[in-house]
Amino acid sequence: MMDDMVGLAAVSLLGVLEQAYFSLQVIYARRKFSVSPPRTSGPPEFDRVFRAQANCAEYFPIFITVLWTSGVFFSPGLSSVCGLLYLYGRFRYFCGYSQSAQGRLAPLYFSAQVLWVLIGFSSLGVVFSFCRVYLRVDPIQVVWSALPLV
Amino acid sequence: MMDDMVGLAAVSLLGVLEQAYFSLQVIYARRKFSVSPPRTSGPPEFDRVFRAQANCAEYFPIFITVLWTSGVFFSPGLSSVCGLLYLYGRFRYFCGYSQSAQGRLAPLYFSAQVLWVLIGFSSLGVVFSFCRVYLRVDPIQVVWSALPLV
Amino acid sequence: MMDDMVGLAAVSLLGVLEQAYFSLQVIYARRKFSVSPPRTSGPPEFDRVFRAQANCAEYFPIFITVLWTSGVFFSPGLSSVCGLLYLYGRFRYFCGYSQSAQGRLAPLYFSAQVLWVLIGFSSLGVVFSFCRVYLRVDPIQVVWSALPLV
């Protein structure tokens with residue numbers, strides 16, 4: 001089973017590297033705008049970079065949870081592709097937010113939509129597994145065998 | 001083994017949906033009290049909603065970690081039930097905190113207690129597995145076989 | 001396979017207990033410096049404790065992700081040892097930051113280095129697994145069999 005999961009592991013690792021990149025950008029912004037820890041606010045340019053990183057960090061565990069739930073219970077391939085799209089959306093969100101508060105919106109909506117797709121895949125995977133394990137019915141097979149009747 | 005884990009996956013997914021609900025409430029509060037990003041503070045009503053969501057988000061990865069450690073190494077059924085209680089406690093915490101700082105306390109203590117139960121289950125599961133793997137002793141069997149001697 | 005993972009589960013659980021300890025320190029600091037929720041800033045002594053906890057909480061899901069990726073795809077033993085070093089570094093970071101902003105730096109660099117080692121292990125593990133699964137080549141065996149030719 002671990003063989004199917006290597007794509008999910010690669011996407012997770014890419015997500016970790018992206019978060020490391022965002023954290024470095026906050027360190028550079030702290031130096032540029034002279035905002036020393038423990039302070040967390042300064043000029044609006046700094047605040048935007050700081051909040052962009054904080055928002056991505058807040059969503060990271062949610063992303064990892066649905067990436068793996070969807071990957072293990074629905075499809076590792078589709079989940080990995082969605083995971084890459086999400087990380088791309090988050091990169092564009094970070095760059096957009098760093099420039100203006102308005103610039104964060106389009107990529108934020110995009111990454112939220114990808115997250116909802118992963119939540120949908122996870123839900124399908126969990127419901128299908130419930131049917132197989134507890135009702136001893138395979139929904140995919142049921143749909144498949146009913147098709148000639150349509 | 002994945003069959004036993006479907007309950008844990010369902011609880012994790014419910015946790016993700018709960019976090020999504022809390023995030024939406026912050027967005028509504030931002031609109032209602034006119035607190036535009038990157039600002040994170042405003043009137044006390046907004047601050048309470050913002051902090052309630054931030055606190056739940058901070059505890060989410062801790063919850064997921066003990067839910068799965070407890071579920072995989074101790075009991076998937078008991079862990080799923082505790083997971084549901086924790087998510088219920090967090091929902092009451094969010095609603096209570098949104099109304100008053102005092103209102104957050106009772107559900108906060110409740111969800112902390114459930115988290116400690118999950119930490120206890122995880123510890124038992126890890127210690128039992130250590131005994132089985134490294135000492136080749138099954139603690140449950142030892143206790144069971146010693147019972148007639150009591 | 002679960003037998004190899006018990007060390008990773010033990011380190012994860014230790015990480016959860018460490019986070020619980022940090023959270024308690026914030027509660028004590030809130031009482032000591034009279035900073036009631038939802039406020040998140042007060043005298044510099046409080047701000048340092050608050051930020052130390054927030055920074056550790058932000059890195060916790062990243063740590064758990066690379067700990068398990070490295071443990072499952074590279075080596076559970078080496079990853080567990082790195083995990084313990086990371087948690088030790090974070091403990092020294094929290095204590096150092098609580099005393100002065102300068103005091104956080106040395107243990108912060110140390111824990112960042114350990115995190116990069118875990119990221120390196122994870123990358124090796126993922127690349128090796130990709131080669132085995134998709135190219136049907138085992139990189140370790142290739143290196144091993146090429147050694148007599150050197």
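Just after helix α1 of chain B comes B:Ser34, whose phi is positive, near 50 degrees. The helix itself, α1(B), spans residues 6-32; helices here are DSSP runs (H or I, at least four residues), numbered from the N terminus. With 27 residues, α1(B) reaches 39 Å from its first C-alpha to its last, close to the 39 Å expected at 1.5 Å a residue (the expected span being 1.5 Å times one less than the number of residues). Keep in mind that this is a predicted model, in which local features need pLDDT of at least 70, side-chain atom pairs count only at pLDDT 80 or more, and totals for chains, interfaces and linings use all residues. Residues are numbered from 1 along each chain as its sequence is written, while chains are lettered from A and ligands numbered from 1 in the order in which they are written.

Now let us see how the chains relate. Chain C can be laid on chain A by a rotation of 120 degrees with 0.0 Å of shift along the axis, giving an RMSD of 0.0 Å (a least-squares fit on the C-alpha atoms of residues with pLDDT of at least 70 in both copies). That is the relation of a three-fold axis. Within chain C, the C-alpha nearest the axis belongs to C:Pro61, 3.4 Å from it.

C:Pro61 turns up again where α2(B) and α2(C) meet. The axes of these two helices come within 8 Å and cross at roughly 35 degrees (axes are lines fitted to C-alpha atoms, for helices over the stretch in contact, and angles run from 0 to 180 degrees between N-to-C directions). B:Glu58, B:Pro61, B:Ile62 and B:Thr65 of α2(B) make the contact with C:Ala57, C:Phe60, C:Pro61 and C:Ile64 of α2(C), where contact means C-beta atoms, placed from the backbone, within 7 Å.

Turn next to chains C and A, whose contact takes 20 residues from chain C and 16 residues from chain A. On the chain C side, α2 (44-73) and α4 (105-134) each supply at least two residues, and α2(C) gives the most, with twelve.

Helix α4(C) packs against α1(A), residues 2-32, at an angle of about 150 degrees, with the axes 10 Å apart. Among the residues that meet there are A:Val6, A:Leu13 and A:Val16 in α1(A) and C:Ile119, C:Val126 and C:Phe130 in α4(C).

Notes. Contact = placed C-beta atoms within 7 Å.
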